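I sat down with this one to look up a few helices, a core and some odd backbone angles. My notes follow.

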Amino acid sequence: MSLDCHASDIGAFWLGPDPHGVLARFPPAPMVTLDKMRLISDDVVDAYIAASGITIRDDAVERLKSDAKSGMPEAVALWEHLTTVPEWVDQDTIKRAQAFYWRNSDLLGILQLTTLVLGTSFAKIQKVLFSTGYLTAERSVFRRLIETSAWVNSMMFEDALLPEHQGWATTVKVRFLHGHVRTRIRKMAVKNPQVYDEKEYGVPINQEDMIHTILDFCSGPLMKMRAMGQLVTAQNTDDYLHMWRYVSYLSGVRDEFTPLTRGIDCCASFGYSFCLHNCVMTTTDETPRKLAQVLLRGMARGVAELRALEHTQAAKEPTSEAAKSRLLEDPKTQASVQRVQTFAHGVLTDIAIRLIGPQCTAYLALRRPTFGQRVAASLLIGWWWVASRISYYAPWLGSLIASVNRSRMARIESMTGVRMHKFDMKYEPK
Ligand code: HEM
């Protein structure tokens, strides 16, 4: 690895402010266990895809339900697994976790992004991401991130995770997306072994990678919130991890492997172990640095374009994609988008630098932003700090913040055309 940066330096990002304490309580997972997890797929989905011949154009939930009704054994097994809520799931806990999410959705969203800046730097994961261009192309990065956050949002409404409800259905569809990606990559590798070597990279989208990704959505952002001095109570933490344990169950993670059952420190230790385990595969070339810039620039571009649209008629009336493109191609709009993108890129970079620390900043070669950009980042972080306290000490104001966050997300989803996203596969692996 280049830049005098050892894997344990990068891994420290996942350990948070008390690395020694965390590792004393939860020593790193043995490498043999992680090796084993890389070879385990999502068998019940793979078996159904193989038996049913379901295609990427089918509505996964409808098709599965009808195959299960007609008695296809693989469909019955998968349908039962998905619709039988495990005994350990507590619906009241999930409700509290959903409310916590909406009170903090802005910050949680930004933290997920910055975690991704590091999370995509592992070569084994990159191999799959590059195959569909997921988060690897600046032009489409913002839309893909908003689609991903639309999935998170879809799970955060009351009862959304009950079988056959909205968040349950989107999660099942995302699981099928992964199943299709895996099946395609495997098929391509049969014809051309250079495409993907399972012995070297593990099964595409395996148990280890899935757990690591899930943690980037839940325990990772919580740890960072705590490190930033946000108010996250022990109850908030337990609730949020409980909800994500159920989401990982629905996503195909085997419950016996998940650290989510053992609390936030165990999750932190898993993130660190993942980093040590995959460090040999962390690219020594420029890829992690380029990918980090793709994410930061793509995100900044999206913010700038949204702002441009918001200042025009496009925001007030549902406008066609063609009309939005025309507006964004206008030279005046482009100049203003460019200016805002440059500024937003610096603000996002500053937030990323504060979160990932000096070693990882050097590893990803992030440049220190200007004074103005740093001030803007401080103001944003300051507002989140205030908002978390307002929510805690004045719950009715917390509800107001949550509802403002909900409507802002709905507006962003509708402006980016992601409002009714179906989570079907548009980008076939190449
Ligand atoms: C269980 C953990 C995971 C969750 C919750 C998750 C979540 C998601 C979501 C919400 C999407 C849809 C985004 C969209 O519609 O644009 C998605 C797509 C995708 N994910 Fe995951 N992901 C997980 C694990 C992984 C892993 C480990 C990999 C690769 C190593 C991966 C690779 C992909 C790819 C390639 C796509 C794009 C599929 C397409 O292009 O249509 N995911 N994921």
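**Entry 1: a tyrosine.** I started with tyrosine 201, which touches Lys124, Lys127 and Tyr196 once residues up to four places away in sequence are left out. I'm working from a predicted model throughout. Tyrosine 201 sits in helix 12, residues 198-201. Buried or exposed? I counted 20 other C-beta atoms within 10 Å of tyrosine 201, so it is buried; the cut-off for that is 20 or more. I also checked tyrosine 201 against glutamate 62: they are 139 residues apart in sequence, and 33 Å separates them in space, C-alpha to C-alpha.

**Entry 2: helix 5.** Glutamate 62 sent me to helix 5, residues 60-69, where the buried residues are Ala60, Leu64, Asp67 and Ala68. These four cover an arc of only 100° around the axis, so they lie on the same side of helix 5. The general rule I had in mind is that an α-helix has 3.6 residues a turn, so residues three or four places apart point the same way. What does the face turned away from the buried side carry? I found the exposed residues Glu62 and Lys69 there. On the buried side, helix 5 packs against helix 4 (43-52), helix 6 (73-83) and helix 11. Just after helix 5 comes glycine 71, with a positive phi of about 90°.

**Entry 3: helix 11 on helix 15.** Helix 11 (residues 166-191) turned up again, so I looked at how it packs with helix 15: the angle is about 45° and the axes are 8 Å apart. That angle makes helix 11 oblique to helix 15. From helix 11, the residues at the contact are Trp168, Thr171, Val172, Val174 and Arg175, and they meet Val247, Leu250 and Ser251 in helix 15. I sorted the contact by class and got five nonpolar, two polar and one charged residues.

**Entry 4: helix 14.** Next I went to helix 14, residues 219-227. Seven of its nine residues are buried, so helix 14 is largely enclosed by the rest of the structure. The buried ones are Ser219, Gly220, Pro221, Leu222, Met223, Lys224 and Met225. Which helices do they pack against? I listed helix 1 (7-15), helix 8 (105-119), helix 13 (207-217), helix 15 (234-251), helix 16 (264-278) and helix 20 (331-363). After helix 14 comes glycine 229, and its phi is positive too, near 85°.

**Entry 5: the core.** The largest nonpolar core has 110 residues, and Trp244, Leu295 and Met299 touch the most other members. Helix 20 gives the most to this core, with eleven residues. As background, nonpolar side chains tend to be buried together in soluble globular proteins.

**Entry 6: positive phi outside glycine.** I kept these for the end, since most residues other than glycine have a negative phi. Isoleucine 205 has a positive phi, near 55°, and lies in the loop between helix 12 and helix 13. With 21 C-beta neighbours inside 10 Å, isoleucine 205 counts as buried. Alanine 365 also has a positive phi, near 50°. I placed alanine 365 in the loop between helix 20 and helix 21 (371-393). How many C-beta neighbours does alanine 365 have inside 10 Å? I get 14, so alanine 365 counts as partly exposed.

Conventions. Residues numbered from 1 in each chain as written. Predicted model: local features only at pLDDT ≥ 70, side-chain atom pairs only at ≥ 80, totals over all residues. Helix = DSSP H or I, 4+ residues; strand = E, 2+ residues; numbered from the N terminus. Buried ≥ 20, exposed ≤ 12 C-beta atoms within 10 Å, placed from the backbone. Contact = placed C-beta atoms within 7 Å. Core = buried A, V, L, I, M, F, W, Y, C linked by C-beta atoms within 7 Å. Axes fitted to C-alpha atoms, helices over the stretch in contact; angles between N-to-C directions. Parallel < 35°, antiparallel > 145°, perpendicular 65-115°, else oblique. Nonpolar A, V, L, I, M, F, W, Y, C, P; charged D, E, K, R; others polar. Arc of directions from axis to C-beta.
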